[in-house]
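Dear colleague,

I am passing on the structure we spoke about, and below it I have written out what came up when I went through it. Please read the notes with the structure open beside them.

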Amino acid sequence: MTRICGVLFDLDGVLLNSEGLYSVFWGKMDEIYPTGVDNFASFIKGFHLTRILGYFDNDEVRRQVLDRLLAFEREMRFEFFPGALDFVRMLREAGIPMAIVTSSDKKKMASLYGQYPEFPALFDYIITGDMVGKAKPDPECFLTGAKQLGIDIKDCIVFEDSRNGLIAGRESGARVIGVATTLAADVVGPLCDMTIGQVSQLTVEQMLQCPRRG
């Protein structure tokens, strides 16, 4: 393929089928330690952990929530959407540079690597939430991913599922493919250039032909 293109994948809700589990967890935390934020579990999607913890009352509460999160992730069995890694491998075979751009921290990623040791080698770079200063919907994470790949952000395609992530992708200047796993397709559609149900529905050529909306 002669077209230069980089791909920036969000992780949870795009490749990993985990958003439902996290919604239950954060909903429970909001019941135990009320934040006062309506629909807290939905509101925080796409935020990195430091920002999420900031909604809880004090350092002691934040410590307890963090301990519960670490215990939850230690026991969590990570599952990829059917065909998701096959799609990633197709992109790799096509010679397309790829990065993961996730709000997850390094501890969560270490748990993932423990279950799937081959995962990091599929990507050229992995950006975690603790590697950037501003969380989604700020575009910093995607701009960082493009920089690490050495590709202009305008020549990158972002895969995202959350509202904050979709906004960050559009603000970065990339083309955005919205994955309707966390939100309904009619919610995702206005925030992206193309809407799909899961990444496995695409071919490499279909991805490269994603139109750029004005």
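Which side chain of opposite charge is nearest to Glu73, and how far away is it? Before I answer, please keep in mind that this is a predicted model. Glu73 sits in helix α4, which covers residues 59-75, and the nearest side chain of opposite charge is that of Lys108, at 4.5 Å. Glu73 is buried yet has no salt bridge, because a salt bridge is counted here only when the side-chain nitrogen lies within 4 Å of a carboxyl oxygen. Apart from neighbours within four places in sequence, Glu73 is in contact with Tyr22, Phe78, Lys108 and Ser111.

Salt bridges do occur elsewhere, and the structure holds nine of them. One joins the side chains of Lys28 and Glu31, with 3.9 Å from N to O; these two residues are three apart in helix α1 (residues 19-32), so about one helical turn separates them. Lys28 is partly exposed, with a relative accessible area of 45%, whereas Glu31 counts as exposed at 59%. Another joins Arg63 and Asp67, at 2.9 Å from N to O, and since these residues are four apart in helix α4, they too are separated by about one helical turn. Both partners are partly exposed, Arg63 at 42% relative accessibility and Asp67 at 38%. In helix α5 (residues 84-93), Arg89 and Asp86 are three residues apart, which again places them about one helical turn from each other, and their side chains meet in a salt bridge of 3.4 Å, N to O. Arg89 is partly exposed, with a relative accessible area of 33%. Finally, Asp10, Lys136 and Glu160 are linked in a network of salt bridges.

Lys136 deserves a second look for its backbone, since a cis peptide bond joins Lys136 to Pro137, with omega at about 20°. Pro137 lies in the loop between β3 (125-127) and α7. Two other backbone points may be worth checking by eye. Asn39, in the loop between α1 and α2, has a positive phi of about 50° although it is not a glycine, and Asn39 is exposed, with a relative accessible area of 64%. Gly173, just after α8, takes a positive phi of about 105°.

As for enclosed space, a search of the whole structure finds two cavities of 30 Å³ or more. The largest cavity has a volume of about 350 Å³ and is lined by 25 residues, of which Asp12, Phe47, Ile52, Ser103 and Ser104 lie nearest its centre. Helices α1, α3 (49-53) and α4 each supply at least two residues of this lining, and α1 gives the most, with four. By type, the lining of the largest cavity divides into eight nonpolar, seven polar and ten charged residues.

The second largest cavity holds about 60 Å³ of space. Its lining includes Ser103, Lys136 and Cys141, and the lining residues divide into five nonpolar, five polar and two charged. Ser103 thus appears in the lining of the largest cavity and in that of the second largest cavity.

Which residues line the largest pocket? They are Ser42, Phe43, Lys45, Asp161, Ser162, Arg163, Asn164, Thr182 and Leu183, and the elements that give two or more residues to this lining are α2 (40-43) and α8 (163-172). The largest pocket has a volume of about 150 Å³, and its lining divides into two nonpolar, four polar and three charged residues.

Helix α8 also has a buried side, with Asn164, Gly165, Leu166, Ala168, Gly169 and Ser172 as its buried residues. These residues pack against α2, α7 (140-149), β4 (156-160), β5 (175-179) and α9 (185-188).

One last item concerns Leu208, which is found in helix α10 (residues 204-208). At 5% relative accessibility, Leu208 counts as buried, and its C-alpha atom is separated by 9.7 Å from that of Cys156, 52 residues away along the chain.

With best wishes

Definitions and conventions:
Residues numbered from 1 in each chain as written. Predicted model: local features only at pLDDT ≥ 70, side-chain atom pairs only at ≥ 80, totals over all residues. Heavy atoms only, no water. 1 Å grid on protein atoms, 1.4 Å probe; cavity = no way out; pocket = protein on both sides within 12 Å on 5 of 7 lines; lining within 4 Å. Points joined across faces, edges and corners; volume = space filled by probe spheres on them. Nonpolar A, V, L, I, M, F, W, Y, C, P; charged D, E, K, R; others polar. Buried < 20%, exposed > 50% of the residue type's maximum accessible area, 1.4 Å probe, protein only. Lys, Arg positive; Asp, Glu negative; His and termini not counted. Contact = heavy atoms within 4.5 Å.
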